[in-house]
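Trainee: Could you show me how to read ring pairs and buried residues in a model?

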Amino acid sequence: MRYLDEYRDPALARQLLDEIHTTATRPWTLMEVCGGQTHTIVRQGIDNLLPAGLRMIHGPGCPVCVTPLELIDKALAIAARPEVIFTSYGDMLRVPGTGTDLLALRARGSDVRVVYSPLDAVRLAEQHPDRQVVFFAVGFETTAPANAMAVLRAHQLGLPNFSILVSHVLVPPAMTALLDAPDRQVQGFLAAGHVCAVMGWTEYEPIAHRYQVPVVVTGFEPLDLLEGILMAVRQLEAGHARVENQYARAVHRDGNSRAREAIRRVFRVRDRAWRGIGTIPDSGLALTDEFARYDAETRFAVSGLTAREHPACIAGDILTGAREPTDCTAYGTACTPRTPLGAPMVSTEGTCAAYHSAGRAS
Amino acid sequence: MCLGIPGRIVATVDVAGLLMGTVDFDGLTREVCLAYLPDARVGEYVIVHVGFAISMVDEAEAHRTLEMLRSMGTSLEAEL
Ligand code: SF4
């Protein structure tokens with residue numbers, strides 16, 4: 001397939017690996033921020049082919065994984081209401097809440113539907129004026145333009161029965177939080193190419209400068225990741241700390257200005273809790289006052305729930321790269337993709353699921 | 001859900017004021033919102049996320065990157 005196959009060429013991958021081996025003279029620790037990148041790195045075994053001292057730690061870039069348990073419980077409470085058609089991306093369905101998950105609710109008769117795009121949810125609201133259609137708006141900056149457009153469209157069509165449950169997180173504040181951690185290990189970042197396709201990369205420039213870390217905007221195919229790693233290592237070896245763009249075929253410095261404008265109109269920045277990590281200032285999105293009436297949390301007044309994580313799950317350490325899935329006592333035994341105890345085992349972008357599907361043993 | 005993939009625009013259409021298009025992903029076609037890339041034309045490649053085209057694939061840049069990687073191979077061989 002064009003623009004995919006070329007970036008999976010094994011001969012070119014070999015060359016890039018050789019070049020990385022020649023370039024790296026000291027041990028370095030890099031973090032890939034995005035779960036899609038983690039998936040490629042683990043599935044292709046890229047981390048095992050790197051020089052011994054060059055370590056990849058897997059970042060918190062799995063939106064499903066960092067959605068707080070409280071919010072999953074709210075989704076479950078809303079989805080259980082008889083007047084509601086609850087819509088979501090497929091990978092949210094098996095994320096365990098405190099007592100159950102969306103898939104189990106559906107099996108018990110709740111109207112839970114998987115949609116491909118939030119506009120599908122808007123269409124459902126048009127088709128079912130007698131029902132309340134709620135979309136679980138989960139994601140990083142990549143899905144924010146889609147969710148913003150869904151709200152704008154519902155507004156334009158005058159749909160009183162559409163709302164979204166907002167679970168949006170932002171990448172740069174999470175990177176800053178990781179860099180501020182006292183036991184910080186990461187020395188360079190591969191930034192998520194598609195987040196930057198929307199937002200551009202100017203937000204990363206002050207981070208690279210202030211913390212003296214190279215940041216390389218990187219794509220998702222094996223050659224992209226290898227080239228991104230090489231660019232980061234070259235910077236580290238030379239003592240540089242700049243923002244560079246490996247993914248020039250899809251990312252521009254200013255991102256997509258129309259998409260950014262829609263996000264700015266529909267959402268405002270707020271503090272946000274990350275599952276397993278805790279609250280990070282200014283790291284999430286909420287609806288602006290103009291569109292507050294589309295907020296499912298207020299429409300259905302879901303609060304006062306008590307959320308409880310599974311005691312065995314060390315998702316917080318996994319999400320910050322402090323420990324690996326294979327360090328978890330439940331990994332591969334009590335916790336598998338069929339019976340996930342924590343969110344990182346659910347989504348294909350989750351580190352635990354990536355390890356499990358690649359057959360990594362504890 | 002964050003996996004964006006490249007596809008080729010095969011048709012565009014205005015749906016009650018919203019620019020939509022049909023995008024071909026290697027034989028599989030999908031309806032995609034083009035509102036964020038109103039200048040995209042039929043035949044061009046876009047990166048699609050959750051039903052939205054968020055970025056054009058710059059063909060010249062794509063070639064340049066691949067050429068650069070290939071030439072790195074030749075210079076390595078020359079050194080050996
Ligand atoms: S293996 Fe399962 S229980 Fe362990 S950290 Fe991962 S998701 Fe949590």
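Mentor: Let's go through rings, burial and charges in turn. This is a predicted model, where local features need pLDDT of at least 70, side-chain atom pairs count only at pLDDT 80 or more, and totals for chains, interfaces and linings use all residues. Residues are numbered from 1 along each chain as its sequence is written, chains are lettered from A and ligands numbered from 1 in the order written, and side-chain values use heavy atoms, leaving out hydrogens and water.

Trainee: How many aromatic pairs are there over all chains?

Mentor: Rings of Phe, Tyr and Trp (its six-membered ring) pair if their centres lie within 6.5 Å; planes under 30 degrees apart are stacked, over 60 edge-to-face, the rest tilted. That rule gives 6 aromatic pairs over all chains. Take Phe220(A) and Tyr247(A): their planes sit at 75° with centres 6.2 Å apart, so the pair is edge-to-face. These two are 27 residues apart, and the pair links distant parts of the chain.

Trainee: Are Phe220(A) and Tyr247(A) buried or exposed?

Mentor: Both are buried, meaning under 20% relative accessible area (exposed is over 50%, partly exposed in between; 1.4 Å probe, protein chains only). In chain B, Tyr36(B) and Phe52(B) make a tilted pair, 6.0 Å centre to centre with 35° between the planes. Tyr36(B) is buried at 3% relative accessibility, and Phe52(B) is buried at 1%.

Trainee: Which residue lies over the face of Tyr7(A)?

Mentor: A charge sits over a ring if NZ of Lys or CZ of Arg is within 6 Å of the ring centre and within 35 degrees of the ring normal. Here Arg249(A) lies over Tyr7(A)'s face, 3.5 Å from the ring centre.

Technical notes: Helix = DSSP H or I, 4+ residues; strand = E, 2+ residues; numbered from the N terminus.
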